[in-house]
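This briefing is meant to be read alongside the sequence and the coordinates. It begins with a question about a charge and a ring, and then moves through the topics in turn.

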Amino acid sequence: MSKKVPIKKFSFRTIVFSIIIAGLSALFQLLCPDYATPALPYIVLFFFIITLFTIFIVLRDDNGKSGKRFVSSYMLSRIIKLMSCLLFLGIYLFINRKDSLRFGIAFLTIYFLYSVFELFLLKKESDDIKKRDVAKEQAENSQEQ
């Protein structure tokens, strides 16, 4: 029996998390404008989009997804995220070299926050998949006996 992965639930959590990060970023820009990069809203928007995309890659088409397939999907999402981040970072730093230090610090901070958030979401889903695989295996073994 396959359980459909609630991508809407994960999307909603990502939206809520992004709103919190955007609020904290806006507060930081208001309180410390000399230390905040003007690109902070774009960084948050970038990570919101890339996180939704990578979660979709990992959680799509759950029909019969095994633990190995989950790991493969997760690794693919990491590669896509890393390449996208390098491209975004490179383009911005090429266009605006004056803001490179503030941008780099903000980018790495938000990257870390979204990575931890995504890790918690996907760890729970991975655990659920393992439980389903074990339950399915036990059901098959009990039917054979």
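Over the ring of which residue does the charged end of Lys81 sit? In this predicted model, the ring is that of Tyr111, and the charged end of Lys81 sits 5.2 Å from its centre. Both residues return below, since Tyr111 also takes part in an aromatic pair with Phe47 and Lys81 also forms a salt bridge with Glu118.

**Overall architecture**

- The protein has four helices and zero strands, and the order of its elements from the N terminus on is α-α-α-α.
- Of its 145 residues, 33% count as buried.
- Among the contacts between residues at least 6 apart in sequence, 74% join residues that are at least 24 apart.

**Helix 1**

- Helix 1 covers residues 7-31, and because each of its 25 residues is taken at 1.5 Å, a span of 36 Å is expected, which agrees with the 36 Å that separates its end C-alpha atoms.
- The buried residues of this helix are Phe10, Thr14, Phe17, Ser18, Ile21 and Ser25.
- An α-helix has 3.6 residues a turn, so residues three or four places apart point the same way.
- One of those buried residues, Phe10, also has a charge at its ring, for Lys9 lies over the face of Phe10 at 5.2 Å from the ring centre.

**Aromatic pairs**

- The count of aromatic pairs comes to twelve, and one of them joins Phe47 and Tyr111 in an edge-to-face arrangement, with 5.9 Å from centre to centre and 65° between the planes.
- This pair links distant parts of the chain, given that Phe47 lies in helix 2 (residues 40-59) and Tyr111 in helix 4 (residues 100-144), 64 residues apart.
- The two partners are described differently in terms of exposure: Phe47 is buried, with a relative accessible area of 0%, whereas Tyr111 is partly exposed, with a relative accessible area of 27%.
- Ring pairs also link residues into a cluster, made up of Phe17, Phe46, Phe47, Phe88, Tyr92, Phe103, Phe107, Tyr111, Tyr114 and Phe117.

**Salt bridges**

- A search of the whole structure finds three salt bridges, and in one of them the side chains of Glu118 and Arg78 meet with 2.4 Å between N and O.
- The link between Glu118 in helix 4 and Arg78 in helix 3 (residues 67-95) joins distant parts of the chain, 40 residues apart.
- Glu118 counts as buried because its relative accessibility is 1%, under the 20% cut-off, and Arg78 likewise counts as buried, at 19%.
- Glu118 also forms a salt bridge with Lys81, the closest N and O atoms being 3.1 Å apart.
- Lys81 lies in helix 3 and Glu118 in helix 4, so this pair ties together parts that are 37 residues apart in sequence.
- Lys81 itself counts as buried, at 0% relative accessibility.
- A further salt bridge brings together the side chains of Arg102 and Asp99, with 2.9 Å from N to O; here Arg102 is partly exposed at 30% relative accessibility, while Asp99 is buried at 3%.
- Through shared partners, salt bridges join Arg78, Lys81 and Glu118 into one network.

**Nonpolar core**

- The largest nonpolar core has 25 residues, and those with the most contacts inside it are Ile43, Phe47, Leu59, Phe107, Ile110 and Tyr114.
- Helix 1, helix 2, helix 3 and helix 4 are the elements that give two or more residues to this core, and its largest share, ten residues, comes from helix 2.
- Leaving aside residues up to four places away in sequence, Ile43 touches Thr37, Phe88, Phe103, Ala106, Phe107 and Ile110.

**Surroundings of Thr51**

- Thr51 has its place in helix 2 and is buried, with a relative accessible area of 0%.
- With residues up to four places away in sequence not counted, Thr51 touches Thr14, Lys81, Tyr114, Phe117 and Glu118.
- Among these neighbours, Lys81 and Glu118 are salt-bridge partners, and Tyr114 and Phe117 belong to the cluster of linked rings.

Note on methods
Residues numbered from 1 in each chain as written. Predicted model: local features only at pLDDT ≥ 70, side-chain atom pairs only at ≥ 80, totals over all residues. Heavy atoms only, no water. Expected span 1.5 Å × (residues − 1). Buried < 20%, exposed > 50% of the residue type's maximum accessible area, 1.4 Å probe, protein only. Phe/Tyr/Trp six-rings, centres within 6.5 Å; stacked < 30°, edge-to-face > 60°. Lys NZ or Arg CZ within 6 Å of the ring centre and 35° of its normal. Salt bridge = Lys/Arg side-chain N within 4 Å of Asp/Glu carboxyl O. Core = buried A, V, L, I, M, F, W, Y, C linked by side-chain atoms within 4.5 Å. Contact = heavy atoms within 4.5 Å.
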